[in-house]
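Dear colleague,

Please find below the structure that I am handing over to you. My findings follow directly after it.

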Amino acid sequence: MLLHSFAAMKKKIALVTGGYSGEAVISYRSAKTIYNHLDKERYDVYTIDVTPAGWFYEDESGSKTAVNKNDFSIIAKGQKINFDAVFIGMHGTPGEDGKLQGYFDMLNLPYTSCNAATSALTFNKRYTTAVAAAAGIPVAQSILFIKGQFSNPDEALRLKYPVFVKPNNGGSSIGMSKVNKASEELGTALEKAFKEDNQVLVEEMIQGREFTVGVFKAEGTVQVLPITEVVAHNEFFDFEAKYEGKSSETTPANINGEWKEVLEKTAAKIYTVFNCSGVVRIDFIYNEKENKAFMLEINTIPGQSDASVVPQQVRAKGWNLTDFYTKLVEEALKRRD
């Protein structure tokens, strides 16, 4: 009887993964880590695969059943399952750009990520840097090109080179290029980026060391994880550097107390300014000459594979992923309460 009562008290968590973009392959890696480390004594976890072909629940045997999108419920072992919360383990659209968050908001279903407005805003790199700059956060100078709304890229010539050319929406550095000379390389880089998005950002390269900082909220308090320094083996921190081992990451970063304080304060300020929830990862370039941490972008669904930065930072703090994910889920559940 007691065992039955305890089982009935377990919260039902939907682990949502997949997606409609090229980042789906990364989503599945993250979801595997999340699933393996969610506390099964506390939660019943159901993996939901969101794909262009449909939304499916896949059980441990590999059998798939369709999700009822009217109330985001499933049938498992002959029973209807309604979820208490959603753990979003999806990179790219529709899980990182606010679309799923808006859907879950309409169902009054709490989730572990930022809300719909923050997710949509931070998915757009240009809008993100504009809001950050208005809040006094250092950012690089940039120009936005929209497909079909510019005649030539000459206006980018006013930027200081080298520059980075990247899709304005999306992540994982897909479609990104470094351009050293406008006359020789800019057109090719724009063409590459436009294959991924109809908006392309051309952004000045900030000289300095690259850091990435995980920030989350638990028990109503914003907390900063140990800082990671990233050194790309390639020319910059591209897809290969992020996901195929072509970078060196040091956690905690070997930096002095002043740099550490500036990065932590700036990261916490960004989290608050953008009204973030759950765990986010904020990328910076620290320019020693100006003694400033320049924000590059905000990742509202940071990678969670075993090799990803946030799991590294959690371990460096002396925690395990099970306890960390429990903090994220409990914070989400509190929002509905």
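Lys 292 is partly exposed, at 38% relative accessibility, in this predicted model. Its salt-bridge partner is Glu 290, and the closest N and O atoms of the two are 3.8 Å apart. Glu 290 also counts as partly exposed, at 43% relative accessibility. Because the limits for this class are 20% and 50%, Lys 292 at 38% belongs to it, and so does Glu 290 at 43%.

The pair is one entry in a longer list, as eleven salt bridges are found in a search of the whole structure. As a general matter, side chains of opposite charge can pair when their charged atoms come close. Two further examples may be of interest to you.

In one of them, the side chains of Lys 166 and Glu 203 meet with an N to O distance of 3.0 Å. This salt bridge links distant parts of the chain, since its residues are 37 apart: Lys 166 belongs to strand β9 (residues 163-167) and Glu 203 to strand β11 (residues 199-204). Lys 166 has a relative accessible area of 6% and is therefore buried. Glu 203 is likewise buried, with a relative accessible area of 2%.

In the other, Lys 99 and Asp 97 form a salt bridge through their side chains, at 2.9 Å from N to O. Here Lys 99 is exposed, its relative accessible area being 53%, whereas Asp 97 is buried at 9%.

I turn next to the strands. An open sheet is made of four strands in the order β8-β11-β9-β10, and their pairing is antiparallel. At its edges are β8 (142-146) and β10 (177-179), each of which pairs on one side only. From one strand to the next, the twist averages 25°. Within this sheet, β9 and β10 run antiparallel and are joined by three bridges. Val 165 stands opposite Ser 177 in β10.

Elsewhere, β12 pairs with strand β13 (residues 221-224) in the antiparallel sense, over four bridges. Phe 216 has Gln 223 in β13 as its bridge partner. The two strands β12 and β13 form a hairpin with two residues between them, and Glu 219 in the turn has a positive phi of about 55°.

Strand β12 also appears in the interior. The largest nonpolar core has 24 residues, and those with the most contacts inside it are Phe 211, Leu 263, Ile 270, Val 280, Ile 282, Phe 284 and Met 295. Two or more residues of this core come from each of β12 (209-218), α8 (257-273), β16 (279-287) and β17 (292-299). Helix α8 gives the most, with five residues.

Which residues are in contact with Met 295, leaving aside its neighbours within four places in sequence? They are Thr 128, Thr 129, Ala 132, Ile 137, Pro 138, Val 139, Ile 270, Ile 282, Asp 283 and Phe 284. Apart from the largest core lies another, of 22 residues, which include Ala 14, Tyr 46, Val 67 and Ala 76.

Yours sincerely

Technical notes: Residues numbered from 1 in each chain as written. Predicted model: local features only at pLDDT ≥ 70, side-chain atom pairs only at ≥ 80, totals over all residues. Heavy atoms only, no water. Core = buried A, V, L, I, M, F, W, Y, C linked by side-chain atoms within 4.5 Å. Buried < 20%, exposed > 50% of the residue type's maximum accessible area, 1.4 Å probe, protein only. Contact = heavy atoms within 4.5 Å. Salt bridge = Lys/Arg side-chain N within 4 Å of Asp/Glu carboxyl O. Pairing = 2+ DSSP bridges. Axes fitted to C-alpha atoms, helices over the stretch in contact; angles between N-to-C directions.
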